[in-house]
Amino acid sequence: MAEINLSGTKYRFGNTYRKDAWWAYPLFVFLALSLFVVYVTWAAWQGKNYWYGPYLSPLYSPELFGPSPHRWIGPQPTWWPSMIRFSPALFVLWAPGLFRLTCYYYRGAYYKAFWADPPSCTVSEPRKKYWGENSFPLIIQNIHRYFLYVALFFILFLSYDVWKALWFTDTSGNKSFGIGIGTLVLAVNVVLLSGYTFGCHSLRHLVGGFIDRLSGSPVRRRAYICVSCLNRRHMLWAWMSLFWVMFSDVYIRLCAIGVWSDWRIL
Amino acid sequence: MAIATFQILRGDASNTRVESYSIEVSEGMVVLDAVHAIQATQANDLAVRWNCKAGKCGSCSAEINGMPKLMCMTRLSDLPLDKPVLLQPMKAFPLIKDLVTDVSWNFAVKKKIKKFKPRKPDNPDGTWRMAQEDIDRVQEFRKCIECFLCQDVCHVLREHQLHDQFIGPRYLVYTAALEMHPLDVEDRLEDLKKEDGIGYCNITKCCTKVCPEDITITDNAIIPLKERVVDRFYDPLKKLFRIFRFKK
Amino acid sequence: MPSYDTHNYDVLVIGAGGAGLRAAIEASAAGVSVGLICKSLLGKAHTVMAEGGIAAALANVDERDNWKVHFADTMRGGQYLNNWRMAELHAKEAPDRVKELEAWGALFDRTKDGLILQRNFGGHKYPRLAHVGDRTGLEMIRTLQDHGIHLGIEVHMECTITSLLMGGDRVTGAFGYEREKGRFKIFKSNAIVLATGGVGRAYKITSNSWEYTGDGMSLAYHAGAELIDMEFLQFHPTGMIWPPSVQGILVTEGVRGEGGILLNKNGERFMFSDIPELYRNQTADNEEEGWRYTQGDRNARRPPELLTRDHVARCIVRQIKEGKGSPHNGVFLDISWIKNKIPHAAEHIKKKLPSMYHQFKKLADIDITVEPMEVGPTTHYMMGGIRVDADTQMSTIPGLFAAGECAAGLHGSNRLGGNSLSDLLVFGKRAGEYAAKFSKENKGGHLNEEEIANAAINALEPFERNEGESPFQIQYDLQEMMQELVGIVRHEEELWRAVEHLKMLHDRAARVKIVGNREYNPGWHTALDLQHLLTVSEAITIAAIERKESRGAHFREDYPQKDEQSGKFNLVIKKNADGEMKLRREPIKEVRTDLQQIIEEMK
């Protein structure tokens, strides 16, 4: 390709002729994601107060090993190294974490907000060098779809958690059907996470985007249209689900600590 | 009538300066009207590219108050006129004079992309059948008016000047239109990964934001192409699958 | 002594819109070297503005359509002043040209069974326009451009030709400058195709961009070629009129094709009150039938909004003159009313007319799905132009070819919407083909040094003056004058006044002053373009004086009727030995019997 010489252009970090508040959006992303990461890290290392009655915090689901009645396999494994604090969240949280980390929307957002690459459109960057997603480490972003596969399983587990959140055990040990605020919180969580996961760019590719002609295969076409529809609002789903996961954990944690009491609707 | 002041970058690559011009503003005026008024009355030699004046040809691209825009589609009523309006040429391309830049690089890039290659005609008269639903996706890309605003805003070109390694959003959209064309049988995936540098795109979506035709460049063109490149080059399972199928 | 860059080609194509690109592609395919000159960047030519579609009798939507119907429609639309051989070739070859585009990657909107969809348009009996929403021209030029760049055609962008170079009685080259540095360029070529488009910039209210200053017609005329039908200039009935800065921007006929109606300020659908005799049998006599036609009812006749452009434009002017116009001196064009007829009308409109929706929303704050647009006539298309041979597109000068808007003959006194894009393709191809052939058979043209030196002196002359007027002011005055005196409705006395004005403008243009240097200097470019504008404006005016009748796009207030005798000749303009513009009547050749029969059958 032809070489191009743009002599005479000098760039300085933050240099721009824009007159609007270009920094507002990246700043918001920076603060919101930072808050989330800090909170989730804190919550994940707690290792307690993550369940309340039939509710299980989505940050800890599925609970593979752990002390709560929600666990699938057993209690804290004996091989767990004693110098590391145990928390059931550590077994699972990496998966949704990596799913979001490699998500096409978040990538664009955190490259801007955390790495100033660029800070905002037409605003100059701090570094001269640029590799993009062309070489290590960012080339790893290309396996986003594998984290999608895992994330799809999580939707199943979280849905099961909602099912379980419909069955309350009373003091005498009898199980009965019911709905609490917590149930709704967990249900909304699944809806939002599904909206986010099923709108994934990789999924859109896998269900139909990879071929040029969808006419003649009505099921695939339908699926492609549905995913595309969710995909158009991927950013919105991403933020709503992010917020709600955090909120769900906060809600259950407050109930477990006893600061807040869950309210039974049914 | 209100008076508005425009600060316009004047000069050529060797020598630029910003000059101020004040003109009367009338209802419905767009930035290009203001530039024409200045050209006709105050600066006959003010260089500016334009043609259709209706957002259909993509000639009058410039940076208005620091944002890449079409001058013919930017109304003065949408700008804060209490302060001077800053008009500059696109930054990702070499300056020729005033608001005009040398965009020839773009035309050179297009030539390097493998051309449309249709499959054999479906009908004896040399024609094909295509369903509207299969061309909707490509028709979006073919709305492109080649204003090169997306190229201008893309930091890979604008800031890092990787013009020799990255084809830019416009040509990713162009390649997407060819790759997703229901008749096309050419394969451009290897070029996309290597010569075209699709990996340089880090999805900051500035191209989508400035597109005057509202083409969803990033989500509908670039990311689907990235996914196709993943299919071919990065997905280990697909690779295995291909090896086995090949052996059989 | 100025310096030049010199280029050699077998075929030189001047103009890179639809016709120029198509000609270059064809010439290149014939195996000759081709140079292509664009006044702007490649792909920005006015073809991108064409919205409605390409007329071609593909018969995909209505199988009753065929080339004969298309031929008859074109002749009727042109009021039988057309070059019937061109109309025949056009109708026969347009379908192949459209299919060819598809093989090069174009994606037209589709019918349910996957064929190219066709829509209704003014003057076309059946739905005939292959289209892509309302951006057909863009699709066409991009397809040609993307196909052409791989054929080894050398493209000279932002380059303007100021004169043709002659070797004896044939054309051997062209002289011009490139905008960037203002350097002169000489193109030596044994065959030249002019495809420079129209002359809309001679008028104040126009849909044309700055490029359309009649270059090709003027270049050919000054080289000694003949111009024909110059009195026929099409005013598109629907251009935007408000706000002032968008005046003239086109509102596609597709709006009316999709069911849009014209209303005056009293809300009356005035088009029903004046239906010309020639079209009475084909036009609906009630609103319901007109609506059914736009929705594809094959037994319904077209609504009067879809009559030919000349007629619709005149009806609009009449409404305005009678004081029934809209607030900004136009009429209302309403598509939003279809919400009474179909569900989801707003979505339907946005899907069918996306760029119209966008254009009004952005430039006029009007949502066309809920309120009517204000429209008025705008200078749109030149039916007249360089006289060419129907089969080869060669002008009266050996080696000089012309295609597209700058050539004349196909459209007669009025062009049907959609016939322009097909004209570009059909005759662009022919021009390229025969130019390549001519070039192969006629090698050894030579350039005349003195002619080149003169061309350079003329081009640089405006820089010599220290005193003088701004070229922009003169162009502006010309546009005001032409709009006022040689507009839609013409009168002998006004036309003579225009002749006087043109003389004065000519003198003023000879005294323009240029600010700045030769590098990308729009003032200089405008000064050079002025010469072409003045030449073509003069041709339009004297032809308009000579045609003492009203026919097609030419309407004379003092001769409001069609005159049978005047229907038997075309007006031909040529420069005489003294350098003066001379006009003569050229009898129309009798229509071939089989074609005449088609015309009679379809009447």
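This is a short guided tour of a predicted model, with a suggestion at each stop of what to select.

**Stop 1: chain B on its own**

Start by showing chain B alone. Its secondary structure comes to 10 helices and seven strands. Along the principal axes, the C-alpha atoms of chain B fill a box of roughly 75 × 40 × 25 Å. Colour by burial if your viewer allows it: of the 248 residues in chain B, 60% count as buried. Contacts are worth a look too. Taking those in chain B with a separation of 6 or more, 62% are between residues 24 or more positions apart.

**Stop 2: where chain B meets chain A**

Now bring chain A back. The contact takes 47 residues from chain B and 42 residues from chain A. On the chain B side, the elements giving two or more residues include strands β4 (67-70) and β5 (85-88), along with helices α2 (104-112) and α3 (132-141) of chain B. Select α9 (217-234) of chain B as well; α9(B) gives the most to this side, with eight residues. Coloured by class, the side of chain B that touches chain A shows 21 nonpolar, 12 polar and 14 charged residues.

**Stop 3: where chain B meets chain C**

Swap chain A for chain C. Here the contact takes 48 residues from chain B and 47 residues from chain C. Which elements of chain B give two or more residues to the side that touches chain C? They are α1 (31-41), β6 (95-97), α2 and α3 of chain B. Of these, α3(B) gives the most, with four residues. By class, this side of chain B divides into 22 nonpolar, 12 polar and 14 charged residues.

**Stop 4: a helix in chain A**

Select residues 24-46 of chain A, which form helix α1. Why should this helix span 33 Å? It has 23 residues, and at 1.5 Å a residue the expected span is 33 Å; the end C-alpha atoms are 33 Å apart, so the two agree. Next, show side chains for P26(A), A43(A) and A44(A), the buried residues of α1(A). What covers them includes α2 (89-92), α4 (104-115) and α9 (234-257) of chain A. Just after the helix, click on G47(A), which takes a positive phi of about 70°.

**Stop 5: the two domains of chain C**

Move to chain C and give residues 239-377 (domain 1) and 449-576 (domain 2) separate colours. The centres of these two domains of chain C, taken over C-alpha atoms, are separated by 33 Å. Their contact takes five residues from domain 1 and five residues from domain 2. On the domain 1 side, the largest share, four residues, comes from helix α8 (residues 309-321) of chain C. That side of domain 1 has three nonpolar, no polar and two charged residues.

**Stop 6: an open sheet in chain C**

Finish in chain C with an open sheet of five strands, ordered β17-β15-β10-β20-β21, with mixed pairing. Its edge strands are β17 (407-408) and β21 (581-587) of chain C, each pairing on one side only. Zoom in on β15 (residues 385-387) and β17 of chain C, which pair in the parallel sense over two bridges. R387(C) has A408(C), in β17(C), as its bridge partner. Last, select helix α5 (residues 215-223) of chain C, which packs on the sheet and touches β10 (227-228), β15 and β20 (569-575) of chain C. The direction of this helix makes about 40° with that of β15(C).

Key:
Residues numbered from 1 in each chain as written. Chains lettered and ligands numbered in written order. Predicted model: local features only at pLDDT ≥ 70, side-chain atom pairs only at ≥ 80, totals over all residues. Contact = placed C-beta atoms within 7 Å. Nonpolar A, V, L, I, M, F, W, Y, C, P; charged D, E, K, R; others polar. Domains from an automatic or database assignment. Expected span 1.5 Å × (residues − 1). Buried ≥ 20, exposed ≤ 12 C-beta atoms within 10 Å, placed from the backbone. Pairing = 2+ DSSP bridges. Axes fitted to C-alpha atoms, helices over the stretch in contact; angles between N-to-C directions.
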